[in-house]
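Biologist: I should like to learn how to read the features of a model such as this one. Could we take them one at a time?

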Amino acid sequence: MSTMQERTAEQDLPYDVFSRACPSRGTLEHVTGRWGALTLGALHEGSLRFNELRRRVDGVSEKMLAQTLHALERDGLVHREAQPTNPPRVDYELTPLGREVAERLKALIQCLEGRMDEVLASRERYDAQRMPTP
């Protein structure tokens, strides 16, 4: 089957992320993976250059950030703009689709940050119940 036939076959199917063959699964992985979610969240704040983004997403390697940005750009969530300056300047910003996805992610992030006391207490209870007694 040619690439064009594969694309047509994919487009004829209803999208179902729970189906192994669904192309939405790959995009979901790009968006919800650690670096994808943090990158989208950081870009929700505004356009950033590569190194600014790397500093904002603390702990991401240069290689992983580059891979993440490529995947998000390919999925149409991030726009890369190279300025013809010396040295070259590259800015990254969300597309309209990327902004919509990032807004939903930000709501999830805010929910989790706001409920971390409960999460930490739950972890503590869980770990205490599973600790071997001497």
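Modeller: The turns that follow go from the overall fold to helix contacts, single residues, cysteines and a peptide bond. Please keep in mind that this is a predicted model.

Biologist: Let us begin with the fold. How many helices and strands does the protein chain have, and which pattern do they follow along the sequence?

Modeller: The protein chain contains 7 helices and 3 strands. In sequence order, the elements of the protein chain are arranged as α-α-α-β-α-α-β-β-α-α.

Biologist: What can be said of burial and surface in the protein chain?

Modeller: Of its 134 residues, 22% count as buried. The exposed area of the protein chain is about 10100 Å², and carbon and sulfur atoms supply 52% of that area. As for contacts with a separation of 6 or more, residues 24 or more positions apart account for 43% of them.

Biologist: I turn to helix packing. At roughly what angle do the axes of α3 and α6 cross?

Modeller: A crossing is read from the two helix axes and the angle between them, and angles of 65 to 115 degrees count as roughly perpendicular. The axes of helix α3 (residues 34–44) and helix α6 (residues 96–114) cross at roughly 105° and come within 9 Å. The two helices α3 and α6 are therefore roughly perpendicular to each other. On the α3 side, Ala-37, Leu-40, Gly-41, Leu-43 and His-44 make the contact, while α6 contributes Arg-99, Val-101, Ala-102, Glu-103, Leu-105 and Lys-106. Sorted by class, this contact of α3 with α6 has 6 nonpolar, 2 polar and 3 charged residues.

Biologist: Which residues of α3 and α5 meet, and how are these two helices oriented?

Modeller: The axes of α3 and helix α5 (residues 62–74) come within 10 Å, with a crossing angle of roughly 75°. By the same reading, α3 and α5 are therefore roughly perpendicular to each other. From α3, Trp-35, Gly-36, Thr-39, Leu-40 and Leu-43 meet Met-64, Leu-65, Thr-68, Leu-69 and Leu-72 of α5. The contact of α3 with α5 has 7 nonpolar, 3 polar and no charged residues.

Biologist: How should one read a single residue, for instance Met-64 of helix α5?

Modeller: One may ask where the residue sits, how accessible it is and what lies around it. Met-64 lies in helix α5 and is partly exposed, with a relative accessible area of 31%. Its C-alpha atom is separated by 9.8 Å from that of Arg-54, 10 residues apart along the chain.

Biologist: Which residues does Leu-28 touch, leaving aside those up to four places away in sequence?

Modeller: Leu-28 touches Val-17 and Gly-33 on that basis. Leu-28 and Val-17 are 11 residues apart in sequence, and their C-alpha atoms are 7.9 Å apart. Leu-28 belongs to helix α2 (residues 24–32) and, at a relative accessible area of 40%, is partly exposed.

Biologist: How many disulfides are there, and is Cys-22 buried or exposed?

Modeller: A disulfide is a covalent bond joining the sulfur atoms of two cysteines. The cut-off for the sulfur pair is within 2.5 Å, and by this rule the count is 0 disulfides. Cys-22 counts as buried, at 8% relative accessibility, whereas Cys-111 is partly exposed at 42%.

Biologist: Finally, what is the form of the peptide bond from Asn-86 to Pro-87, and where is Pro-87 found?

Modeller: The peptide bond from Asn-86 to Pro-87 is cis, its omega being near 0°. Pro-87 is found in the loop between β2 (78–83) and β3 (89–94).

Technical notes: Residues numbered from 1 in each chain as written. Predicted model: local features only at pLDDT ≥ 70, side-chain atom pairs only at ≥ 80, totals over all residues. Heavy atoms only, no water. Axes fitted to C-alpha atoms, helices over the stretch in contact; angles between N-to-C directions. Helix = DSSP H or I, 4+ residues; strand = E, 2+ residues; numbered from the N terminus. Parallel < 35°, antiparallel > 145°, perpendicular 65-115°, else oblique. Contact = heavy atoms within 4.5 Å. Nonpolar A, V, L, I, M, F, W, Y, C, P; charged D, E, K, R; others polar. Buried < 20%, exposed > 50% of the residue type's maximum accessible area, 1.4 Å probe, protein only. Areas by Shrake-Rupley, 256 points an atom, 1.4 Å probe, with all protein chains shown as cover.
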